[in-house]
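Please open the model in your viewer and keep the selection panel at hand. The tour goes from the whole chain to single helices and then to the places where they meet.

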Amino acid sequence: MSTLPNLLRSLLLTSIFTFLTPVLLISILLAGSAVISYLPHLEAFGTGSLEQIASFLKIFGSGSVWRGIIVIGLVGSLAGVLFDTYTFYRFQNLRNHHQ
């Protein structure tokens with residue numbers, strides 16, 4: 001039963017990192033657009049990109065930008081956990097066949 005703690009540790013780390021990756025990427029895009037909107041000649045581009053990103057997030061968040069970010073992070077986390085579980089299963093299968 002020593003594989004269960006390894007699986008749980010791997011799933012925990014995978015879920016954390018695959019949640020944070022899209023959340024940080026979207027946050028960087030929002031922050032970058034906000035900074036660009038303060039530049040004199042790029043104000044229209046920055047404001048437009050902020051509005052587009054916000055409308056995209058509102059679709060996934062039922063009208064809320066923050067909920068949209070969380071939903072995208074949770075979906076990324078679920079996909080990462082599924083891939084990690086499949087990889088762990090394949091590793092166990094291959095290891096048992098080579099012994």
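What follows is a sequence of selections, each with a note on what is found there.

This is a predicted model, in which local features need pLDDT of at least 70 and side-chain atom pairs count only at pLDDT 80 or more, while totals for chains, interfaces and linings use all residues. Residues are numbered from 1 along each chain as its sequence is written, and side-chain values use heavy atoms, with hydrogens and water left out.

**The whole chain**

Begin with a cartoon of everything: the protein has three helices and zero strands, where helices are DSSP runs of H or I with at least four residues, strands are E runs of at least two, and both are numbered from the N terminus. The radius of gyration is 19 Å, well over the 13 Å that the globule rule gives for 99 residues, so the protein is more spread out than a compact globule; the radius is taken over C-alpha atoms, and the rule is 2.2 Å times the number of residues to the power 0.38. Along the principal axes, the C-alpha atoms fill a box of roughly 65 × 25 × 20 Å.

Switch to a surface, and about 7300 Å² is exposed, with carbon and sulfur atoms supplying 73% of it; these areas come from the Shrake-Rupley method with a 1.4 Å probe, and for residues only the protein chains shown count as cover. Of the 99 residues, 25% count as buried, a term that means under 20% relative accessible area, as against exposed at over 50% and partly exposed in between (1.4 Å probe, protein chains only).

**Helix α1**

Select residues 3-37, the 35 residues of α1, whose end C-alpha atoms are 51 Å apart, in agreement with the span of 51 Å that 1.5 Å a residue should give; the expected span is 1.5 Å times one less than the number of residues. The buried residues of α1 include Leu7, Leu11, Thr14 and Pro22.

Now pick serine 15, in helix α1, which is buried with a relative accessible area of 19%. Not counting residues up to four places away in sequence, serine 15 touches Ser77 and Val81, contact meaning heavy atoms within 4.5 Å.

**Helix α2**

Move on to residues 43-60, the helix α2 that holds alanine 54. Which residues of α2 are buried? They are Gly46, Ser49, Ile53, Ala54 and Leu57, and seen down the axis of α2 they fall within an arc of 130 degrees, so they line one face of the helix; the arc is that of the directions from the helix axis to the C-beta atoms. The face turned away from this buried side carries the exposed residues Ala44, Glu51, Gln52 and Ile59.

Alanine 54 has a relative accessible area of 18%, and its C-alpha atom is separated by 9.3 Å from that of tryptophan 66, 12 residues further along the chain. Just after α2, select serine 62, which takes a positive phi of about 55 degrees.

**The core**

Finally, show Val23, Ile26, Leu30, Ile53, Leu57, Ile69 and Ile72 as sticks: these seven residues form the largest nonpolar core, that is, a set of buried Ala, Val, Leu, Ile, Met, Phe, Trp, Tyr and Cys residues joined through side-chain atoms within 4.5 Å. The elements giving two or more residues to this core are α1, α2 and α3 (65-97), and its largest share, three residues, comes from α1. Leaving aside neighbours within four places in sequence, valine 23 is in contact with Ile69 and Gly73.
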